[in-house]
Amino acid sequence: MEPRSSLGPVLTQDVADPVDTDPYPAGFHDELTQDVPDVLVRDARWRSYAPTPEKTVRRALAACAQYGLEPGSVVLATDREVRLLNGRHRGKHKPTNVLTFEPPPGYGGGDIILALETVVREARKAGRPVSHHLAHLVVHGSLHLAGYDHHHPGEAREMEMLESRLLSRMKVPNPWKTRS
């Protein structure tokens, strides 16, 4: 006896492999996605705080493209996911706003991972739109991939000035300037 949800016997006729029936020439899909970072929205709540997060991420990456390494992916994750990664890779068992992972030697890309709840909390505390803070952190992560850092005051100031210049291209106000 077949289960009630069954639609009958399984078809045994050979079906063409979808790869064989692709109407586009070989390599066509690779050309479309080449050098375009993946933007992965791991939690739908990102869209309630930044209506078009993928667009915001791509605009931020485009603004800083001339400064070096473009990531292979940008992951819009949660505090929980970032806390686990931060603990595993940096020994800090707490979330942070953005994590950046450089690619292995000989490979392009790298990864930028952002924590939703932390990004929202920081944006609200600063009185800024979440989409502006998201753009700022994507620029920040991208500059880290390009070799910029902020361990020393001089480096931090250089990075902050570059971030504000790049964000101004997107019409995002300087995040380092206090709001009146």
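Asp43 sits in the loop that links strand E1 (38-41) to helix H2 (46-49) in this predicted model. Is this residue buried or exposed? Asp43 counts as buried because its relative accessible area is 16%, and the cut-off for buried is under 20%. Look at where its side chain points: it reaches the backbone nitrogen of Arg45 at 2.8 Å. Leaving aside residues up to four places away in sequence, Asp43 touches Leu76, Thr78 and Leu116.

Let's follow one of those partners, Leu76. With the same kind of sequence neighbours left out, Leu76 touches a list of residues that includes Val39, Val41, Asp43, Trp46, Val57, Leu114 and Leu134. Leu76 also belongs to the largest nonpolar core, which has 31 residues. Within that core, Leu76 is among the residues that touch the most other members, together with Val57, Val74, Leu114, Leu134 and Val138. Which elements supply at least two residues each? They include helix H3 (53-63), strands E2 (73-77) and E4 (111-115), and helices H5 (116-126), H6 (130-145) and H7 (153-168). H6 gives the largest share, eight residues. There is also a second, separate core of seven residues, with Val75, Val82, Leu99 and Ile113 among them.

Now turn to two of the helices, H3 and H6. Their axes come within 9 Å and cross at roughly 40°, which means that H3 is oblique to H6. The crossing of H3 and H6 is right-handed. Where the helices meet, H3 brings Pro53, Thr56, Val57, Ala60 and Leu61, while H6 brings Ser131, Leu134, Ala135, Val138, Val139 and Ser142.

Note on methods:
Residues numbered from 1 in each chain as written. Predicted model: local features only at pLDDT ≥ 70, side-chain atom pairs only at ≥ 80, totals over all residues. Heavy atoms only, no water. Helix = DSSP H or I, 4+ residues; strand = E, 2+ residues; numbered from the N terminus. Buried < 20%, exposed > 50% of the residue type's maximum accessible area, 1.4 Å probe, protein only. Polar contact = N/O pair within 3.5 Å; in protein donor to acceptor, adjacent residues only side chain to side chain. Contact = heavy atoms within 4.5 Å. Core = buried A, V, L, I, M, F, W, Y, C linked by side-chain atoms within 4.5 Å. Axes fitted to C-alpha atoms, helices over the stretch in contact; angles between N-to-C directions. Parallel < 35°, antiparallel > 145°, perpendicular 65-115°, else oblique. Left-handed = near helix turned anticlockwise from the far one by under 90°.
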